[in-house]
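Reader: I am new to this structure and would be grateful for a close look at a single part of it. Please take the largest pocket, and then follow the elements around it into the rest of the chain.

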Amino acid sequence: MKIGAQLFGQLRDVAGVSELEINLVEDATVADLLGALYERFPALRDWDKNILVGTGVEFVGRDPVVQPNE
């Protein structure tokens, strides 16, 4: 499935993009999404402990399954 991701602040500066699409397998978790981001932009891994992930209007942990269109 394709997931749209937005990067803000320092993460946007490090990656050099503010929006991107990432292909993930069905039932991928937030941790899987971050892993895909780190493969594409290895320098983001340095920020791992500071990264907050939001879906819709709330922040989530790393265990939830990623849903398209959220």
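Author: The model shown here is predicted. Its largest pocket holds about 640 Å³ of space. The lining of this pocket is made up of 28 residues, and those that lie nearest its centre are Ala-5, Gln-6, Leu-33, Val-53 and Gly-54. By kind, the lining divides into 20 nonpolar residues, seven polar ones and one charged one.

Several elements contribute to that lining. At least two residues each come from strand S1 (2-6), helix H2 (30-40), strand S3 (53-55) and strand S4 (58-60). The largest share is that of H2, which gives five residues to the lining of the pocket.

Strand S1 deserves separate attention. Its side chains alternate along the strand: Ile-3 and Ala-5 point to one face and are buried, whereas Lys-2, Gly-4 and Gln-6 point to the other face and are not buried. Ala-5 and Gln-6 are thus on opposite faces of S1, and both are among the residues nearest the centre of the largest pocket.

The partner of S1 is strand S2. These two strands pair in the antiparallel sense, over five bridges. Within this pairing, Gln-6 has Glu-19 of S2 standing opposite. Strand S2 covers residues 19-23 and likewise has two faces: Leu-20 and Ile-22 form the covered one, while Glu-19, Glu-21 and Asn-23 form the uncovered one.

A side-chain contact also joins the two strands. Lys-2 and Glu-21 meet in a salt bridge, with 3.8 Å from N to O. Because Lys-2 belongs to strand S1 and Glu-21 to strand S2, the pair ties together parts that are 19 residues apart in sequence. Lys-2 counts as exposed, at 54% relative accessibility, since the cut-off for that class is over 50%.

The whole structure has three salt bridges. Another of them joins Asp-48 and Arg-62, whose closest N and O atoms are 2.7 Å apart. This pair links distant parts of the chain, with Asp-48 in the loop between H2 and S3 and Arg-62 in the segment after S4, 14 residues apart. Asp-48 is partly exposed, with a relative accessible area of 25%, and Arg-62 is also partly exposed, at 28% relative accessibility. A further salt bridge is formed by Arg-12 and Asp-13, with 3.8 Å between the closest N and O atoms. Here Arg-12 is partly exposed, its relative accessible area being 34%, while Asp-13 is exposed, with a relative accessible area of 51%.

The nonpolar interior completes the account. The largest nonpolar core has 20 residues, and Leu-20, Ile-22, Leu-24, Leu-34, Leu-37, Leu-44 and Val-66 have the most contacts inside it. At least two residues of this core are supplied by each of S1, helix H1 (9-15), S2 and H2. The largest share again belongs to H2, with five residues of the core. Leu-20 and Ile-22, which make up the covered face of S2, are therefore buried members of this core, since a nonpolar core is built from buried residues. Helix H2 thus has the largest share both of the lining of the largest pocket and of the largest nonpolar core.

Definitions and conventions: Residues are numbered from 1 along each chain as its sequence is written. This is a predicted model: local features need pLDDT of at least 70, side-chain atom pairs count only at pLDDT 80 or more; totals for chains, interfaces and linings use all residues. Side-chain values use heavy atoms; hydrogens and water are left out. On a 1 Å grid over the protein atoms alone, a cavity is a set of points where a 1.4 Å probe fits but cannot get out, and a pocket is an open set with protein on both sides within 12 Å along at least five of seven lines; lining residues have an atom within 4 Å of a point. Grid points are joined across faces, edges and corners, and a volume is the space filled by probe spheres set on the points. Helices (H or I, at least four residues) and strands (E, at least two) are DSSP runs, numbered from the N terminus. Ala, Val, Leu, Ile, Met, Phe, Trp, Tyr, Cys and Pro count as nonpolar, Asp, Glu, Lys and Arg as charged, and the others, Gly among them, as polar. Buried means under 20% relative accessible area, exposed over 50%, partly exposed in between (1.4 Å probe, protein chains only). Two strands pair if DSSP finds at least two bridges between them. A salt bridge is a side-chain nitrogen of Lys or Arg within 4 Å of a carboxyl oxygen of Asp or Glu. A nonpolar core is a set of buried Ala, Val, Leu, Ile, Met, Phe, Trp, Tyr and Cys residues joined through side-chain atoms within 4.5 Å.
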